[in-house]
Amino acid sequence: MQLELARSILFAKSMAEMVGFYRDLLGLVEVTTADTSDEWRVFRAGPVELALHAIPAPFADGIEISDPPEPRSSAVTKLVFRVADVAETRALLQKKGVIEVHQSFLNAEGPLVRCDFLDPEGNVFQISSE
């Protein structure tokens, strides 16, 4: 058996804010399909798609998102985006106001190899050269 990851899904309380973040701030390209709606959006993220799925209102109403968001310590997934230049991408994300949550990681030779950031709902994502 051979499995190939095709898509990762994040559940979102505020679809508008999350769509704006991943599309406009991170620059992922939105893929329009027959299923595209206010509750479901898909983005190209290299060979794997990133989908956003709205949390149903009865559940979403019970979720509090702080401002600024706090890292979701109970999240079981971290998205990792490979970039050509971590230091340059880190500086660009910081300039856009994206919150960095962990100190940057260096390899033995010194160049920056990965950094962790937060999306608007507290999901931790990483940029990495690896």
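## Exercises on salt bridges, strands and pockets

Arg 23 forms a salt bridge with Glu 30, the closest N and O atoms being 3.5 Å apart. The model is predicted, and the exercises below start from pairs of this kind.

**Exercise 1.** Determine how many salt bridges the structure holds, and state which parts of the chain the pair Arg 7 and Glu 49 ties together.

*Solution.*
Step 1. The count for the structure is seven salt bridges.
Step 2. In one of them, the side chains of Arg 7 and Glu 49 meet with an N to O distance of 2.7 Å.
Step 3. Arg 7 belongs to strand S1 and Glu 49 to strand S4, so this pair ties together parts that lie 42 residues apart in sequence.
Step 4. The backbone joins these two strands as well: S1 (residues 7-12) and S4 (residues 48-54) run parallel and are joined by six bridges. Within this pairing, Ser 8 has Leu 50 of S4 as its bridge partner.

**Exercise 2.** Classify Arg 7, Glu 49, Arg 72 and Glu 121 as buried, partly exposed or exposed.

*Solution.*
Step 1. The cut-offs needed are under 20% relative accessible area for buried and over 50% for exposed, with partly exposed in between.
Step 2. Arg 7 has a relative accessible area of 38% and is therefore partly exposed.
Step 3. Glu 49, at 24% relative accessibility, also counts as partly exposed.
Step 4. Glu 121 forms a salt bridge with Arg 72, the closest N and O atoms being 3.3 Å apart. This pair links distant parts of the chain, 49 residues apart: Glu 121 is in the loop between strand S7 (112-118) and strand S8 (124-128), and Arg 72 is in the loop between helix H2 (57-60) and S5.
Step 5. Glu 121 has 3% relative accessibility and so counts as buried, whereas Arg 72, with a relative accessible area of 25%, is partly exposed.

**Exercise 3.** Identify the residues that salt bridges with shared partners join into one network.

*Solution.*
Step 1. The network consists of Arg 23, Asp 24, Glu 30 and Arg 41.
Step 2. Arg 23 is partly exposed, with a relative accessible area of 32%.
Step 3. For helix H1 (residues 15-25), the buried residues are Met 15, Met 18, Val 19, Gly 20, Phe 21 and Tyr 22. After H1 comes Gly 27, which has a positive phi near 80 degrees.

**Exercise 4.** Describe how S3 and S4 are connected and paired.

*Solution.*
Step 1. Strand S3 (residues 40-45) and S4 run antiparallel, joined by six bridges.
Step 2. Ala 45 has Val 48 as its bridge partner in S4.
Step 3. The two strands form a hairpin with two residues between them, and Gly 46 in the turn has a positive phi of about 75 degrees.

**Exercise 5.** Characterise the largest pocket and the second largest pocket by volume and lining.

*Solution.*
Step 1. The largest pocket holds about 310 Å³ of space. It is lined by 15 residues, and those closest to its centre are Ala 45, Val 48, Val 80, Phe 81 and Arg 82.
Step 2. S4 and strand S5 (79-82) are the elements that give two or more residues to this lining; the largest share, four residues, comes from S5.
Step 3. By character, the lining of the largest pocket divides into nine nonpolar, three polar and three charged residues.
Step 4. The second largest pocket has a volume of about 240 Å³. Its lining includes Ser 8, Phe 11, Arg 72 and Asn 123.
Step 5. S1 gives the most to the lining of the second largest pocket, with four residues. That lining comprises six nonpolar, four polar and one charged residue.

Methods. Residues numbered from 1 in each chain as written. Predicted model: local features only at pLDDT ≥ 70, side-chain atom pairs only at ≥ 80, totals over all residues. Heavy atoms only, no water. Pairing = 2+ DSSP bridges. Buried < 20%, exposed > 50% of the residue type's maximum accessible area, 1.4 Å probe, protein only. 1 Å grid on protein atoms, 1.4 Å probe; cavity = no way out; pocket = protein on both sides within 12 Å on 5 of 7 lines; lining within 4 Å. Points joined across faces, edges and corners; volume = space filled by probe spheres on them. Nonpolar A, V, L, I, M, F, W, Y, C, P; charged D, E, K, R; others polar. Salt bridge = Lys/Arg side-chain N within 4 Å of Asp/Glu carboxyl O.
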